[in-house]
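Student: Hey, got a minute to walk through this one with me? I'd like to go piece by piece.

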There are 2 protein chains.
Amino acid sequence: MYKKVIVILGGSVDPSFVKEVLDDAGKPFIIAADKGLEVLYKLSVMPDIILGDFDSVDNSILEEYKSEILTRFSPVKDFTDGEAAVDKAIEVVLSRGDQNESDIPESSVVILGATGSRLDHVLANISLLKKAVDAGVRAEIVDRNNKIRIFNNFDSIKVFKNNGKKYLSLMPLGDKVTGLTLSGFKYGATDADLYQGSSLAISNEITSDYGMISFKDGYLIVMETDD
Amino acid sequence: MYKKVIVILGGSVDPSFVKEVLDDAGKPFIIAADKGLEVLYKLSVMPDIILGDFDSVDNSILEEYKSEILTRFSPVKDFTDGEAAVDKAIEVVLSRGDQNESDIPESSVVILGATGSRLDHVLANISLLKKAVDAGVRAEIVDRNNKIRIFNNFDSIKVFKNNGKKYLSLMPLGDKVTGLTLSGFKYGATDADLYQGSSLAISNEITSDYGMISFKDGYLIVMETDD
């Protein structure tokens with residue numbers, strides 16, 4: 001089993017939640033972006049790669065880290081720290097070839113600190129999951145209430161009921177998702193189309209041991225959530 | 001000037017923020033959806049319409065309201081309370097013809113309680129703004145950190161600097177937005193295309209008195225945000 005790549009961005013992070021995720025992952029490969037470094041510092045965890053413009057990070061913290069793991073960008077740039085960190089995570093996974101294994105049921109990349117009060121960052125970070133999908137890398141954004149993944153039409157998705165989240169919501173990332181078929185859910189669907197602006201597939205629930213999701217075209221956001 | 005329509009959904013709401021928005025709006029027309037009713041109850045504000053399945057609302061609160069303003073849905077339904085409330089708000093605006101005024105600079109519909117920890121609801125609520133755009137009704141989602149609007153290619157958008165938010169972020173709602181041109185911003189653009197998965201237009205700032213945004217095709221999410 002390959003080591004998970006954990007990415008920690010600068011959104012809201014609950015240190016105890018970060019610690020849980022890091023502990024569950026064993027000895028993960030850790031990429032910290034900008035303010036995401038601060039929570040690792042508090043937890044005394046050394047990341048493998050640090051990157052960002054660090055315009056919002058305390059300099060005394062930065063000085064504690066070795067320069068060879070630190071990549072500093074200009075604050076004036078065409079990408080967010082989140083995008084740089086996810087790009088790096090994809091590169092790490094692809095370079096070691098995890099995705100050549102026949103069936104990896106879990107995400108190789110787990111992104112923390114991607115959510116919070118700045119909804120532009122939240123939406124941009126969710127949209128970044130598409131880059132991972134396009135590169136053939138499984139990635140997810142998690143916080144205490146949400147586990148967010150994006151799939152494309154090449155996937156048939158099995159979601160187990162006993163994963164701890166009550167609701168499962170589906171929506172298109174782009175204009176639409178076509179040919180959506182659901183089984184094992186409270187609200188089923190057969191060859192349905194899902195458009196932006198409809199809340200048809202929000203707050204579904206898995207009623208069997210697992211739910212199966214398949215679709216024909218588009219990018220599907222799969223969100224497992226809890227109140 | 002027509003009365004604003006204020007919609008209060010069941011997400012996170014800060015009662016003092018809701019009070020500020022209601023006070024600013026003068027005597028708005030108020031639609032409460034499900035748990036959104038609770039904050040109005042605390043503020044002793046009577047809505048004009050109440051709707052929802054009320055599966056998460058205290059019955060003692062519900063009993064205080066007159067049945068004629070209350071529409072109760074079955075909890076098993078193909079739409080969220082948020083969708084029903086936004087549909088109703090669009091209907092109210094269209095029925096009184098606000099949108100026939102030559103130039104309405106502000107949104108007719110202001111949606112509160114659309115954000116919070118359940119990101120499936122947040123995304124679905126943002127996506128609902130497309131329904132308003134398609135109906136020709138200006139609507140926005142607001143909380144303390146964010147003001148979110150969606151425009152289509154028929155709009156040329158003027159955003160004033162002195163509106164209190166530092167950042168302005170742009171992203172496509174669907175697959176892409178084409179022909180994006182920006183002036184008066186820190187990072188300009190001329191006839192650029194914006195795709196899902198790029199964070200190119202996140203955290204821009206207005207440097208002139210106002211910023212001008214135009215584009216050719218697609219649905220553009222415009223988010224004014226603050227840390």
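Student: Let's start with A:Asp175: is it buried, partly exposed or exposed?

Tutor: Keep in mind that this is a predicted model. In it, A:Asp175 is partly exposed, because its relative accessible area is 41%, and buried would need under 20% while exposed would need over 50%.

Student: And where is A:Asp175 found in chain A?

Tutor: A:Asp175 is in the loop that links strand 9 (167-172) to strand 10 (176-183) of chain A. UniProt, in an unreviewed entry, lists residues 155-221 of chain A as "domain: Thiamin pyrophosphokinase thiamin-binding".

Student: What's the helix and strand content of residues 155-221 of chain A?

Tutor: That span is 0% helix and 49% strand, and its end C-alpha atoms lie 12 Å apart.

Student: Back to the loop. Which residues does A:Asp175 touch?

Tutor: Leaving out residues up to four places away in sequence, A:Asp175 touches A:Leu194, A:Tyr195 and A:Gln196, plus B:Gly174 and B:Asp175 from chain B.

Student: How far is A:Asp175 from A:Ile141 in space?

Tutor: C-alpha to C-alpha, A:Asp175 and A:Ile141 are 21 Å apart, with their positions 34 residues apart in sequence.

Student: New topic: A:Ser127. Buried or exposed?

Tutor: A:Ser127 is buried, because its relative accessible area is 6%, and the cut-off is under 20%. A:Ser127 sits in helix 5 (residues 119-134) of chain A.

Student: What does A:Ser127 touch?

Tutor: With residues up to four places away in sequence set aside, A:Ser127 touches A:Leu173 in chain A and B:Gln196, B:Gly197 and B:Ser198 in chain B.

Student: How do helix 5 of chain A and helix 5 of chain B pack?

Tutor: They pack at an angle of about 95°, with their axes 12 Å apart. The two helices are therefore roughly perpendicular to each other. Chain A brings A:Leu119, A:Val122, A:Leu123 and A:Ile126 to the contact, and chain B brings B:Leu119, B:Val122, B:Leu123 and B:Ile126.

Student: How many of those contact residues are nonpolar, polar or charged?

Tutor: Eight are nonpolar, with no polar and no charged residues in the contact.

Student: OK, over to chain B. What's the strand order in the open sheet of nine strands?

Tutor: The order is 4-3-2-1-5-6-7-13-9, with mixed pairing. Strand 4 (70-72) and strand 9 (167-172) of chain B are at the edges with a single partner strand each, so one side of each has no neighbour in the sheet. On average, neighbouring strands are turned by 20° against each other, direction ignored.

Student: How do strand 1 and strand 5 of chain B pair?

Tutor: Strand 1 (residues 5-8) and strand 5 (residues 109-112) of chain B pair in the parallel sense over four bridges. B:Val7 stands opposite B:Ile111 there.

Student: Which strands does helix 1 of chain B touch?

Tutor: Helix 1 (residues 15-24) packs on the sheet and touches strand 1, strand 2 (29-33), strand 5 and strand 6 (139-142) of chain B. Helix 4 (residues 81-96) of chain B also packs on the sheet, touching strand 1, strand 2, strand 3 (49-52) and strand 5. The direction of helix 4 makes about 160° with that of strand 2 of chain B.

Student: How many residues of strand 2 of chain B are buried?

Tutor: Five of its five residues. B:Phe29, B:Ile31 and B:Ala33 are buried on one side, and B:Ile30 and B:Ala32 on the other.

Student: And what's the bridge partner of B:Ile8 in strand 2 of chain B?

Tutor: B:Ala32. Strand 1 and strand 2 of chain B pair in the parallel sense, over four bridges.

Terms used. Residues are numbered from 1 along each chain as its sequence is written. Chains are lettered from A and ligands numbered from 1 in the order in which they are written. This is a predicted model: local features need pLDDT of at least 70, side-chain atom pairs count only at pLDDT 80 or more; totals for chains, interfaces and linings use all residues. Side-chain values use heavy atoms; hydrogens and water are left out. Buried means under 20% relative accessible area, exposed over 50%, partly exposed in between (1.4 Å probe, protein chains only). Contact means heavy atoms within 4.5 Å. UniProt positions are given in the numbering used here, feature names are shortened, and annotations may be inferred rather than shown by experiment. Axes are lines fitted to C-alpha atoms, for helices over the stretch in contact, and angles run from 0 to 180 degrees between N-to-C directions. Angles under 35 degrees count as roughly parallel, over 145 as roughly antiparallel, 65 to 115 as roughly perpendicular and the rest as oblique. Ala, Val, Leu, Ile, Met, Phe, Trp, Tyr, Cys and Pro count as nonpolar, Asp, Glu, Lys and Arg as charged, and the others, Gly among them, as polar. Two strands pair if DSSP finds at least two bridges between them.
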